[in-house]
Amino acid sequence: MNAPSRFELFVLADGESKLTVDEDTKIPNAATVTINKEDHTLANMLRSQLLLLPYVIFSGYRVPHPLEPRVVLKIQTDGSFTPIQAVQQACDDLIRTLASMKNQFQNEVLKARARDDGNDGGMEGMEGGMAF
């Protein structure tokens with residue numbers, strides 16, 4: 001089979017860096033960020049979050065090959081912030097958004113359990129608690 005082992009898809013090899021940054025020499029305020037051992041899941045969230053920042057002119061990504069766990073993210077800003085600062089801000093915003101979503105989900109699960117307590121509906125077949 002041509003597919004790499006699943007272990008190789010998410011564990012960095014010795015000396016392999018998670019992130020490399022190359023500044024673009026042809027386009028002002030632009031950079032290419034290569035993220036190893038990641039796929040569309042992270043890349044699309046980052047791209048979307050970057051595009052919400054008012055100083056980001058362009059953000060896009062590509063996966064060079066489906067069997068390589070690597071994404072290439074291109075960012076261009078208006079110059080008020082560097083592309084790396086934009087990525088850092090997008091990551092911080094994304095972490096806050098996902099933490100908020102997790103808390104909202106946990107609260108809704110608790111509400112559903114309280115509503116269904118003593119009631120035979122809703123959460124049938126679920127033994128024990130759900131860990132988040």
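**Sheet and helix packing**

Student: How many residues of β2 are buried?

Tutor: β2 is mostly covered. Buried means under 20% relative accessible area, exposed over 50%, and partly exposed in between (1.4 Å probe, protein chains only). Of the seven residues in β2, the buried ones number seven.

Student: In what order do the elements of the chain run?

Tutor: This is a predicted model: local features need pLDDT of at least 70, side-chain atom pairs count only at pLDDT 80 or more, and totals for chains, interfaces and linings use all residues. Residues are numbered from 1 along each chain as its sequence is written; side-chain values use heavy atoms, leaving out hydrogens and water. Helices (H or I, at least four residues) and strands (E, at least two) are DSSP runs numbered from the N terminus, and the chain has two helices and four strands. From the N terminus, the order is β-β-α-β-β-α.

Student: Which residues of β2 lie on the side opposite Ala30, Thr32, Thr34 and Asn36?

Tutor: In a regular strand the side chains alternate between the two faces of the sheet. Both faces of β2 are covered. One side carries Ala30, Thr32, Thr34 and Asn36; the other carries Ala31, Val33 and Ile35.

Student: Which strands stand at the edges of the sheet?

Tutor: Two strands pair if DSSP finds at least two bridges between them. The four strands form an open sheet, β1-β2-β4-β3, with antiparallel pairing. A strand with a single partner has one side left without a neighbour in the sheet, so the edges are β1 (19-23) and β3.

Student: Which residue is the bridge partner of Thr20 in β2?

Tutor: β1 and β2 run antiparallel, joined by five bridges. They form a hairpin with six residues between them, and Asn29 in the turn has a positive phi of about 55°. The bridge partner of Thr20 is Thr34.

Student: Which residue in β4 stands opposite Val33?

Tutor: β4 pairs with β3 over six bridges and with β2 over seven. Both pairings are antiparallel. In the β3 pairing, Phe58 stands opposite Gln76 of β4. Opposite Val33 stands Leu73.

Student: How far apart are the end C-alpha atoms of α2?

Tutor: The expected span of a helix is 1.5 Å times one less than its number of residues. For the 34 residues of α2 (residues 83-116), that gives 50 Å. The model agrees, with end C-alpha atoms apart by 49 Å.

Student: Which elements do the buried residues of α2 pack against?

Tutor: The buried residues of α2 include Pro83, Ala86, Val109 and Asp116. Contact means heavy atoms within 4.5 Å. The packing partners are β2 (30-36), α1 (40-52), β3 (56-62) and β4 (70-77).

Student: At what angle do α1 and α2 pack?

Tutor: Axes are lines fitted to C-alpha atoms, for helices over the stretch in contact, and angles run from 0 to 180 degrees between N-to-C directions. The two helix axes are 9 Å apart. The packing angle is about 105°.

Student: Why is α1 called roughly perpendicular to α2, and which residues of α2 make the contact?

Tutor: Angles under 35 degrees count as roughly parallel, over 145 as roughly antiparallel, 65 to 115 as roughly perpendicular and the rest as oblique, so α1 is roughly perpendicular to α2. α1 contributes Met45, Leu46, Gln49 and Leu50. α2 contributes Ala86, Val87, Ala90, Cys91, Asp93 and Leu94.
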